[in-house]
Amino acid sequence: MKPDVARELFDASAETYDRVNSVISLGLDARWRAWAAREAVAEPGTRVLDAFAGTGLVGLACARLGADVTLADISARMLAVARSRAQRAGLSVRFAQHDLTDAEAPSPPEAPFDAITMMFGARYLDDPAQVIGRLASWLRPEGRFVLVEFVEPSGAVLSRLAAIYFFRILPRIASALAGRRELYDTLVTTTHAMGPSASLVGLIENAGLEVEQVHLMGFGLVCGIVARP
Ligand SMILES: C[S@@+](CC[C@H](N)C(=O)[O-])C[C@H]1O[C@@H](n2cnc3c(N)ncnc32)[C@H](O)[C@@H]1O
């Protein structure tokens, strides 16, 4: 997806994004974000970049664990929601409104980071391996890249039921709640394009990272990966 299209899509969805996510994931998204934050934050003071931060749910979970956090996203309105949330929670974090696919853009002044989180961001990229590789160059050599994405589930009966829910029912509920059918249709098409968790592992390896952990969540629909440069 072109950066301008992503910006327009998420600016228009910012107000409803969190509520719809929570409803359609049956509240499980909080657990996925908690997992990502725990993997990213080794100790208080860990420097974290939450890339494709959206409304900041992962980055702010890291800040609650004592991390020093920068939230980066292209959408000013998603970041505005993150800013209000941070203020309400009394959390001090930095905000960077950037096109993270822009290869010409300089690295953030806070780099190098101890950890980079990227949750539900890879699916919107035309060349995710290239972008992930570039972001990973902002990590310390011993840093961690924590990626979470929807994948096509395989195997057990529960996973197949979850797939029916995700691919057929969820877009209808989400668009009824948010009135933005294209965002949730995109979720389905990009998940098919992403393929199973093995493809996500391959993507991370193509970005030049070494995969350390693969963690399936949400009945196999959500894949968390921890990788090192
Ligand atoms: C599905 S949301 C994920 C938000 C958040 N990480 C979460 O877990 O809820 C994807 C985010 O990626 C951002 N995004 C898409 N393309 C981008 C780009 N080229 N540069 C920076 N952010 C981008 C969108 O604005 C949106 O906030």
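**Exercise 1. Which elements are included in what covers the buried residues of α5?**

The model is predicted: local features need pLDDT of at least 70, side-chain atom pairs count only at pLDDT 80 or more, and totals for chains, interfaces and linings use all residues. Residues are numbered from 1 along each chain as its sequence is written.

Step 1. Take helix α5, residues 128-136 (helices are DSSP runs of H or I, at least four residues; strands are runs of E, at least two; both are numbered from the N terminus). Its buried residues are Pro128, Val131, Ile132, Leu135 and Ala136. Buried means 20 or more other C-beta atoms within 10 Å of the residue's own, with C-beta atoms placed from the backbone.

Step 2. Find their side. They span an arc of only 135° around the axis, so they lie on the same side of α5. The arc is that of the directions from the helix axis to the C-beta atoms.

Step 3. Read off the cover. It includes β1 (47-51), β4 (113-119), β5 (139-150) and α8 (197-206). Contact means C-beta atoms, placed from the backbone, within 7 Å.

**Exercise 2. Describe the shell around the ligand.**

Step 1. Count. The ligand is surrounded by 20 residues (C-beta atom, placed from the backbone, within 6 Å of it). The closest are Ala6, Phe10, Gly54, Ile74 and Ser75.

Step 2. Assign elements. α1 (3-24) and α3 (57-64) are those that give two or more residues. α1 gives the most, with three residues.

**Exercise 3. Summarise the fold.**

Step 1. The chain has eight helices and seven strands.

Step 2. Of its 229 residues, 42% count as buried.

Conventions
Buried ≥ 20, exposed ≤ 12 C-beta atoms within 10 Å, placed from the backbone. Contact = placed C-beta atoms within 7 Å.
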